[in-house]
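Reader: I'd like to practise reading sheets and helices on a real case. Can you walk me through one?

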Amino acid sequence: MGRFKSSSLGYLDTPIEFLKGVGPQKGELLNKELNIFSFGDLLWSFPFRYIDKTQIHPISSLNPEEGYFQIKGILSSLQVLGSPRKKRMVGRLKDDSGSVELIWFKGVHFLQRTLQPGQTYIAYGKPSEFRGKVNIAHPEMELFIPGKGKERSALAPVYSSTEKLNTRGLDAKARRRLIETLLANLPTHVITENLPDYLLERTKLIGRFKALTKIHFPKSDKELTEARNRLKFEELFFLQLRLLEQKVDRQKQIKGLKFDTVGTFFNQFYHKKLQFELTDAQKRVIKEIRTDLGYGIQMNRLLQGDVGSGKTVVALMCMLISLDNGYQAVMMAPTEILATQHYNSLREMVAGLGLKIAFLSGNVKGKKRKELLKFLEQGDIDILVGTHAIIEDPVVFKNLGLAITDEQHRFGVKQRAKLWAKGKDIPPHILVMTATPIPRTLAMTLYGDLDISVIDELPPGRKEIITKHWYESSRLKLFGFLKKEIAKGRQVYVVYPLIEESEKLDLANLYQGYEAMQRDFPPDQYQMSIVHGRMKAADKEFEMQRFLKGETQIMVATTVIEVGVNVPNATVMVIENAERFGLSQLHQLRGRVGRGGDQSYCLLMTGFKLSEDSKVRLATMVRTNNGFEISEVDLKLRGQGSFEGTQQSGVPELHISDLR
């Protein structure tokens with residue numbers, strides 16, 4: 001109800017049952033099925049598509065490849081077929097050019113009462129082909145009345161519906177009539193303008209009242225575009241204001257630790273330990289973070305960086321600033337593999353600086369765990385690296401100053417909040433990192449109260465990974481290529497998909513692939529590792545270490561190696577059934593190679609039968625290595641979806657904007 005309060009108190013808050021044509025029973029149905037409780041809810045329940053009533057196609061022109069059609073003809077027959085549990089209604093619509101079968105699997109009783117054979121109907125739906133014949137399933141039907149052409153002079157709205165609504169007198173036509181009734185009686189003063197005149201003039205947007213009426217019944221594509229543009233702008237404009245308000249409120253209310261010293265640890269590392277020159281992007285991001293840490297306001301920053309862009313060294317240098325100011329730091333990763341990778345990497349980078357770095361996961365138990373927790377609370381541990389075990393209640397810091405989460409999208413809102421609480425009187429500064437680039441429009445919605453830093457360049461000397469899409473028919477070609485790379489002393493990943501709903505099936509697929517690989521790469525000539533999520537942590541770590549040390553040339557794995565495995569000698573990533581992966585996952589997997597100085601390759605293996613979306617994803621991967629470009633394509637394909645497992649506080653539901 002919040003979206004009506006500023007402009008529509010009273011009339012639009014009227015319960016929906018009081019709208020003419022609704023009543024208590026239909027009102028209750030709209031409540032349950034569509035969450036429509038008031039006049040305002042109905043007004044803001046926008047059409048999801050429109051029917052061009054000016055276009056009526058001959059039945060002979062129906063083409064399953066060309067979307068929706070509107071046709072007109074005589075309903076020549078109508079019969080119910082099938083058993084009671086699999087009942088369906090079949091009819092046939094005829095015009096001068098031919099006829100087409102119409103079929104309904106739902107709402108049969110209602111259709112029996114309303115459709116009249118021998119009458120002329122206008123039907124609207126998407127044709128499909130079954131056993132060589134064209135039919136239309138669940139077409140929208142309207143009795144044709146000569147002279148009633150006014151309604152078909154515009155774009156007719158189509159609203160989301162359910163089977164219950166369709167069978168209880170609230171189908172698409174009835175919904176349109178309700179909207180017509182509402183708009184016909186809607187006082188103009190109820191919808192007050194909420195954007196200033198100067199902004200409307202600058203953006204050339206139409207008024208709010210006009211937009212809300214034209215979004216339901218536009219007379220042309222131009223009117224529809226104008227209405228959509230106005231309502232999308234309004235929605236996103238106020239979303240942005242709300243997010244900025246949250247950010248300002250947080251900065252006013254939440255004090256932060258003031259790190260005004262860049263001291264011995266940072267300078268020794270930068271001048272004596274750092275083995276390479278930082279990129280300009282890394283330097284810019286470190287400067288942004290240093291500025292935040294010195295304000296005395298809690299830092300809340302998102303660090304985006306493509307795979308291999310150097311986020312870890314930036315995170316370390318931020319932790320060193322925390323240590324220089326007398327505070328501890330923590331880094332939390334979503335998997336033990338990734339956490340272990342960070343732990344080993346950080347220890348290697350700071351060797352000789354006299355720092356104490358510890359590792360904590362669910363597998364650290366008994367006396368070792370007890371001692372670690374004691375040292376942490378006493379302040380004898382400078383940096384703690386680990387999994388979500390870090391946020392458990394027994395884990396207490398002496399003085400936590402900086403908390404970093406890597407691959408933060410793997411953590412829920414509540415988990416991140418627990419990390420906040422690990423500070424004493426003042427919460428720690430927060431840095432969240434992701435290697436999944438996010439378009440800025442989506443980032444503002446996902447992380448409205450975070451400042452955003454982007455590492456948008458890769459270290460010099462990195463060779464671009466060559467990506468190819470090969471079909472199953474190229475299997476022998478693939479094996480020959482892998483043998484050539486292994487002969488050069490290189491290593492190879494072969495990754496199989498793993499989907500939770502069919503885990504056993506996918507593991508069977510993994511082992512079949514492993515056995516097939518052994519036939520072409522016999523054990524007396526080649527050594528292989530196999531890793532998947534159902535293995536014990538110790539077994540996974542053993543196989544990972546064998547591969548890292550070069551004792552095995554091929555690692556056959558599931559997506560458990562998507563993040564966290566850093567093997568510079570691995571130059572080939574083979575992704576089996578690549579069509580089953582999303583773009584983000586494909587890009588993450590590709591990032592496991594190309595970490596050394598040698599040319600690396602990503603080979604996407606599929607069968608010939610691919611959906612259109614799969615073709616777009618694979619073509620995108622072959623065309624570009626740019627993670628931000630890939631994320632834009634991914635967003636267009638998937639839509640905004642569900643942003644997080646737990647709804648982000650203060651982020652309103654979007655009714656017309658989809659951020660694509």
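Reader: What is the strand order in the open sheet of seven strands, and how are they paired?

Author: Strands of a sheet pair through backbone hydrogen bonds, and that can be parallel or antiparallel. Here, in what is a predicted model, the seven strands run S6-S7-S4-S3-S2-S5-S8, with mixed pairing. Strand S6 (127-130) and strand S8 (140-143) are the edges, each pairing on one side only. Going from one strand to the next, the twist averages 45°.

Reader: Which sense do S2 and S3 pair in, and over how many bridges?

Author: Strand S2 (residues 69-81) and strand S3 (residues 88-95) are antiparallel, with seven bridges. To get your register, use Leu75, whose bridge partner in S3 is Leu93.

Reader: And what does a parallel pair look like, say S10 with S16?

Author: Strand S10 (residues 300-305) pairs with S16 in the parallel sense, over five bridges. Look for Leu302, which stands opposite Ile452 in S16.

Reader: Is S16 mostly covered or mostly open?

Author: In a regular strand the side chains alternate between the two faces of the sheet. For strand S16 (residues 451-455), four of the five residues are buried, so count it as mostly covered, with buried meaning under 20% relative accessible area.

Reader: On to helices. What span should I expect for H10, and what does the model give?

Author: Take 1.5 Å a residue: the 14 residues of helix H10 (residues 280-293) should span 20 Å, and the end C-alpha atoms are 20 Å apart, which agrees.

Reader: Which residues of H10 are buried, and where do they sit around the axis?

Author: The buried ones are Ala281, Gln282, Val285, Ile286, Ile289, Asp292 and Leu293. They cover an arc of only 130° around the axis, so they lie on the same side of H10. Asp280 and Lys287, on the other side of H10, are exposed.

Reader: What covers those buried residues of H10?

Author: The cover includes helices H9 and H11, plus strands S10, S15 (429-434) and S16.

Reader: How do H9 and H11 meet each other?

Author: The axes of helix H9 (residues 264-273) and helix H11 (residues 311-324) come within 7 Å and cross at roughly 145°. H9 brings Thr264, Phe265, Phe266, Phe269 and Tyr270 to the contact, while H11 brings Val313, Leu316, Met317, Leu320, Ile321, Leu323 and Asp324. By type, the contact residues of H9 with H11 are 10 nonpolar, one polar and one charged.

Definitions and conventions
Residues are numbered from 1 along each chain as its sequence is written. This is a predicted model: local features need pLDDT of at least 70, side-chain atom pairs count only at pLDDT 80 or more; totals for chains, interfaces and linings use all residues. Side-chain values use heavy atoms; hydrogens and water are left out. Buried means under 20% relative accessible area, exposed over 50%, partly exposed in between (1.4 Å probe, protein chains only). Helices (H or I, at least four residues) and strands (E, at least two) are DSSP runs, numbered from the N terminus. Two strands pair if DSSP finds at least two bridges between them. Axes are lines fitted to C-alpha atoms, for helices over the stretch in contact, and angles run from 0 to 180 degrees between N-to-C directions. Contact means heavy atoms within 4.5 Å. Ala, Val, Leu, Ile, Met, Phe, Trp, Tyr, Cys and Pro count as nonpolar, Asp, Glu, Lys and Arg as charged, and the others, Gly among them, as polar. The expected span of a helix is 1.5 Å times one less than its number of residues. The arc is that of the directions from the helix axis to the C-beta atoms.
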